[in-house]
Amino acid sequence: MPRYVVPGSEPPTAVARILQGATAAIELTSTFIGSSQARQNATAGGTRYLCMPGVIKDTFRLEGPLDVDFDELKAVTEALATAWARADAYRLTTPAGTDLSGSVRGRNGRALFGIARDRGAYMCPPDVESGTAPVEGSTSGVAVIDGDFLFMGQGPILEPVALHIEHGEFKGAEGDESARLLEMIGRCGDTRMSNLAEVSMGLNPNGRVCGVPMETEATLGSAHIAFGNSIAYGGTVDAVAHLDCVMQHATLELDGRPVLVDGELVPKA
């Protein structure tokens, strides 16, 4: 395979055929291709798929993000996915200034918990997260990115970047490191890349914000939004790429009730 720059790029036809005919596959690439049509076709046909782009030796360290009880984390992740599915509205905030709100009515929650035992399962260890695709055109507010822009240059970022979203579309950014996102969106050459495609919460207690994208977005207490392709999260926008942006110390409210505060699940009253 060639080395891609744009996350979500399609692998060569020969590789796509191999994936579709495989019982299981592990994506050990430098750049994420897990949102590609080739991957979607493979898992739809029954291939079990572990998406692990950008991992390094340190990712496998003792007490690191792969040294966790994935079965135990599955229960928490699926519980949050159920909460997403039952909600009509969401609000995401952080101490750095994030304040986003919109509709998730009719959208299923997605649970990524790191274990692909079942036929056609797709998981991304060390990433443990739960999220969904907000209803197109419904989200407005600001997202302050103080973690990283994944697969868009080496991170973490040094200074926060404010991203402005209106009616589900990316409208502008403030901060020097916003160039990483803006350049990648420009490279994609697809007007659909302005779509807010995902809102998700990181749930891996051994994760940390670092230079490894799949560990950064997994970190307990973090949240990430993504622009572009929303198909895998239950959305309707089939853009050419999926670009994740990570923030820290996030609080998620669903239908006006806090559900997750800086990594801590809030019990129901």
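Asp58, Arg61, Arg208 and Glu215 are linked in a network of salt bridges. That makes a good way into this structure, which is a predicted model. The count of salt bridges comes to 11, and three of them are worth a walk-through here, followed by the two largest pockets.

**Salt bridges**

| Acidic residue | Basic residue | N to O distance |
|---|---|---|
| Aspartate 58 | Arginine 208 | 2.6 Å |
| Glutamate 136 | Arginine 107 | 2.7 Å |
| Aspartate 190 | Arginine 192 | 2.9 Å |

Let's start with a pair from the network: the side chains of aspartate 58 and arginine 208 meet in a salt bridge at 2.6 Å, N to O. Aspartate 58 sits in the loop between β2 (48-51) and α3 (70-86), while arginine 208 belongs to the loop between β12 (196-202) and α5 (213-216), so their contact ties together parts that are 150 residues apart in sequence. Aspartate 58 is partly exposed, at 33% relative accessibility, and arginine 208 is also partly exposed, with a relative accessible area of 38%.

Next comes the salt bridge between glutamate 136 and arginine 107, at 2.7 Å from N to O. Here the loop between β7 (129-132) and β8 (140-145) holds glutamate 136, and the loop between β4 (99-103) and β5 (110-112) holds arginine 107, so the pair ties together parts that are 29 residues apart in sequence. Glutamate 136 is partly exposed, with a relative accessible area of 27%, whereas arginine 107 counts as buried at 10%.

Is aspartate 190, which has a relative accessible area of 13%, buried or exposed? With the cut-off for buried set at under 20%, aspartate 190 is buried. Its salt-bridge partner is arginine 192, which is partly exposed with a relative accessible area of 40%.

**Pockets**

The largest pocket has a volume of about 360 Å³. It is lined by 19 residues, and the closest to its centre are Ser30, Phe151, Gly153, Gln154 and Pro213. By character, that lining divides into 10 nonpolar, 7 polar and 2 charged residues.

The second largest pocket holds about 270 Å³ of space. Its lining has 13 residues, with Ala79, Ala83, Arg257, Val259 and Lys268 the closest to the centre. Which element gives the largest share of this lining? That is α3, with 5 residues. Both α3 and β16 (257-261) supply at least two residues each. The lining of the second largest pocket divides into 8 nonpolar, 1 polar and 4 charged residues.

Technical notes
Residues are numbered from 1 along each chain as its sequence is written. This is a predicted model: local features need pLDDT of at least 70, side-chain atom pairs count only at pLDDT 80 or more; totals for chains, interfaces and linings use all residues. Side-chain values use heavy atoms; hydrogens and water are left out. A salt bridge is a side-chain nitrogen of Lys or Arg within 4 Å of a carboxyl oxygen of Asp or Glu. Helices (H or I, at least four residues) and strands (E, at least two) are DSSP runs, numbered from the N terminus. Buried means under 20% relative accessible area, exposed over 50%, partly exposed in between (1.4 Å probe, protein chains only). On a 1 Å grid over the protein atoms alone, a cavity is a set of points where a 1.4 Å probe fits but cannot get out, and a pocket is an open set with protein on both sides within 12 Å along at least five of seven lines; lining residues have an atom within 4 Å of a point. Grid points are joined across faces, edges and corners, and a volume is the space filled by probe spheres set on the points. Ala, Val, Leu, Ile, Met, Phe, Trp, Tyr, Cys and Pro count as nonpolar, Asp, Glu, Lys and Arg as charged, and the others, Gly among them, as polar.
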